[in-house]
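Notebook open, viewer running. I'll jot things down in the order I look them up.

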Amino acid sequence: MLSHILKSRYFLTACLVLLPGCVSDPDWHLPAFQNGPVCVYEGVAFSGDFESGRLTACEQTGTNQFSLYVRPEDTPINPSSWYAFSIDARSQADLSLTLTYIHGKHRYAPQISRDDGLTWAALPDAPEPGATSATISVDVRKGHTLIAAQPLFGLDHYRAWLRQAATRPGVAYQQIGVSEAGRDIEALTFGAEGAPVLVLMGRQHPPEITGALALEAFVGRLLESDPLAVRFRDGFRVAVAPVLNPDGVALGQWRHNTRGVDINRDWGPFTQAETRAARDWLASLGELAVAMDFHSTWKDTLYTQPDGADGSRPEFAGALSDRLVHSLGEGAPHRDASHNPDLATSKTWIHETYKIPALTYEVGDSTPGDETIRIARLAAEETMALLLGENE
Ligand SMILES: [Zn+2]
C-alpha cells in the first residue's frame, strides 16, 4: 500500500513542487513521470545530458504531448529559468511541450537548433514571460533537435575562442584559477605591457548569453587592426576573463556556482574559489583603468557610478553613455547610475577598491544577436576613443 502511494502521481507531484532533490532520485520508475536528464518514450526521447543541459523530469500527457519539468540547482534563487534539452525523434512529429518550472517562472523564449547548435532560431509564437509554465509547439524532424532558453554558448566555445585568440601576436592566454568544482577559469591579456588595464569579465550568471555575445564582440573589436584599435593597444592593456562561473555554465545552472552562491554577491566576502581567483587576478594586473562586467537582463542597460564619482576618470561612464545615445538614439542602452555599497557585486567592489569606473554591461534577453554585436562593437570603439582622450 505504501509503495502504491509512493509511486502515485500525486505523491510525485507533491515531491516535484515541495521537495527539490527528490525528483533526481534514480530509484523512481514511474509509469507517468520519468526522471531526467534522459527520458525515453515510444518514438521520441528527451535529454538534458550534455554541457549546459537542464531537464529534471518528463511526463507524457497525450499523443505527442509532454510536460517537461525544470528545476534550478538550489533554492532560493533568482528566477532565471534556464532549460536546455535535445529531442531525438524516430520520425517527423508535431510535439506540444509544456515547460513547467519548479521554483521559477518562464523567462526565456525558446530557441531551436536542427544542426546540433551551429545555428539557432526563435520558435514562433513564444509564450510570454512570467508564467510558471509555458507550452510550445515544436515540429521535430527525424533525428536530433536542440531546444534551449538561449543559443548554447558553452565552455567548448570559449576554449576554441581563447585558444584561437592566443595564437595572435601579443595575445597571452592565462589560467587564473580553478572553480569550486575544479574547472579552469581562463583569461586573455593583450596590449601594452605595464599600461593601464581595461578589465572585461563575464558569465558570473550562466544563462546570460546575450551578455556573453556582447563581450565576445567587444573583445573582437579591440583586437582588430585598424588605426584606432592599434593606437589603443599601444596605450592600454586589456585583460579578459569571459567565464567566471564555469561550473554554472557547464551544468546548465540558473544563477549559482556549485556551492549555491551567486558569485556576483560575493565580491567582498570572497567565500568562493571563483571570486577569489578574480580578485587575485585583478590584483596582479597593475594599474586598472576601467572594468566592465557583462550580464543579461530585461533590456539593454549600463549600470554605472553616478556622474562625478570619486576616483580616476569620473567622467568615463557618462561620456560613454552619451556617445552611444548620440550614435544609436533610442536604441542605445539605458544608463542607470547608482552606487550601492551594500551589494557585494563586482561593480561595487572594483569601484570602491580601485577607485575606477566599474560598469555592469547588461544586454536584453531578447535583443537580437546582430543588434547585440553592433552595439558592443560601437561601445568598444567609444571606450577606446574615450580612454585615448580622442573625444571629438
Ligand atoms: Zn547577471
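**Domains.** I started with the domain split: the protein chain falls into domain 1 (2-148) and domain 2 (155-388). I took the C-alpha centres of the two and got 33 Å between them. The contact between them draws on 24 residues from domain 1 and 17 residues from domain 2.

**Confidence.** This is a predicted model, so I checked pLDDT before going further. The chain average is 92, and 92% of the residues score at least 70. Residues 1-30 are where I'd flag the score: pLDDT stays under 50 there. For that stretch the model has 36 contacts beyond four places in sequence.

**Zinc site.** Which protein atoms are the donors of the zinc ion? I get His205 (ND1), Glu208 (OE) listed twice, and His295 (ND1), at 2.1 to 2.6 Å from the ion. In sequence I read the spacing of the donor residues as H-x2-E-x86-H. Next I looked at the geometry. The angles subtended by the four donor atoms run from 55 to 144°, and the arrangement is therefore irregular. For tetrahedral, all angles would have to lie between 85 and 135 degrees. For reference, the ideal angle for four tetrahedral donors is 109.5 degrees. I also checked burial here: His205 is buried, and Glu208 is too.

**Disulfide.** I searched the whole structure and found one disulfide. The partners are Cys39 and Cys58, with 2.0 Å between their sulfur atoms. What is the handedness of the disulfide? The torsion about the S-S bond is about 75°, so I note it as right-handed. Cys39 sits in strand β2 (residues 38-41) and Cys58 in strand β4 (residues 57-62), so the pair ties together parts 19 residues apart in sequence. Both Cys39 and Cys58 come out buried.

**Cis prolines.** Next I went through omega. The Gly36 to Pro37 peptide bond is cis, with omega near 5°. Pro37 is in the loop between β1 (33-35) and β2, and β2 is the strand that holds Cys39. Another cis peptide bond joins Thr75 and Pro76, omega about -5°. Pro76 belongs to the loop between β5 (65-70) and β6 (84-89).

**Positive phi.** Then I looked at phi. Asn64 is not a glycine, yet its phi is positive at about 60°. I find Asn64 in the loop between β4 and β5, and it is partly exposed because its relative accessible area is 31%. Arg313, also not a glycine, has a positive phi of about 50°. The Arg313 position is in the loop between β17 and α8 (316-328). At 22% relative accessibility, Arg313 goes down as partly exposed; the cut-off for buried is under 20%. I added Lys355 to the list: just after α9, its phi is positive at about 55°.

**Helix α9.** That sent me to the helix itself. Which residues of α9 (residues 346-354) are buried? I noted Ser346, Lys347, Thr348, Trp349, Ile350 and His351. These buried residues pack against β14 (197-202), α7 (273-283), β16 (288-297), β17 (301-304) and β19 (358-364).

**Glu382.** I clicked on Glu382, which lies in helix α10 (residues 369-388). Is Glu382 buried or exposed? Its relative accessibility is 9%, so Glu382 counts as buried. Setting aside neighbours within four places in sequence, I see Glu382 in contact with Leu320, Arg323, Leu324 and Ser327.

**Gln111.** Last stop: Gln111, in strand β8 (residues 111-113). Gln111 is buried, its relative accessible area being 13%. Which residues does Gln111 touch, not counting those up to four places away in sequence? The contacts include Trp120, Ala121 and Ala122, and also a run from Leu146 through Ile147, Ala148, Ala149 and Gln150 to Pro151. I also took a C-alpha to C-alpha distance from Gln111 to Leu68: 16 Å in space, for residues 43 apart in sequence.

Conventions:
Residues are numbered from 1 along each chain as its sequence is written. This is a predicted model: local features need pLDDT of at least 70, side-chain atom pairs count only at pLDDT 80 or more; totals for chains, interfaces and linings use all residues. Side-chain values use heavy atoms; hydrogens and water are left out. Donors are N, O and S atoms within 2.8 Å of the metal (3.2 Å for Na, K and Ca); water is not among the atoms, so sites may look incomplete. Four donors count as tetrahedral if all angles lie between 85 and 135 degrees; four count as square planar and six as octahedral if opposite donors are over 155 degrees apart and all others between 65 and 115; anything else is irregular. Buried means under 20% relative accessible area, exposed over 50%, partly exposed in between (1.4 Å probe, protein chains only). A disulfide is a pair of cysteine sulfur atoms within 2.5 Å. Helices (H or I, at least four residues) and strands (E, at least two) are DSSP runs, numbered from the N terminus. pLDDT is the predictor's confidence in each residue, from 0 to 100. Contact means heavy atoms within 4.5 Å. Domain bounds come from an automatic or database domain assignment.
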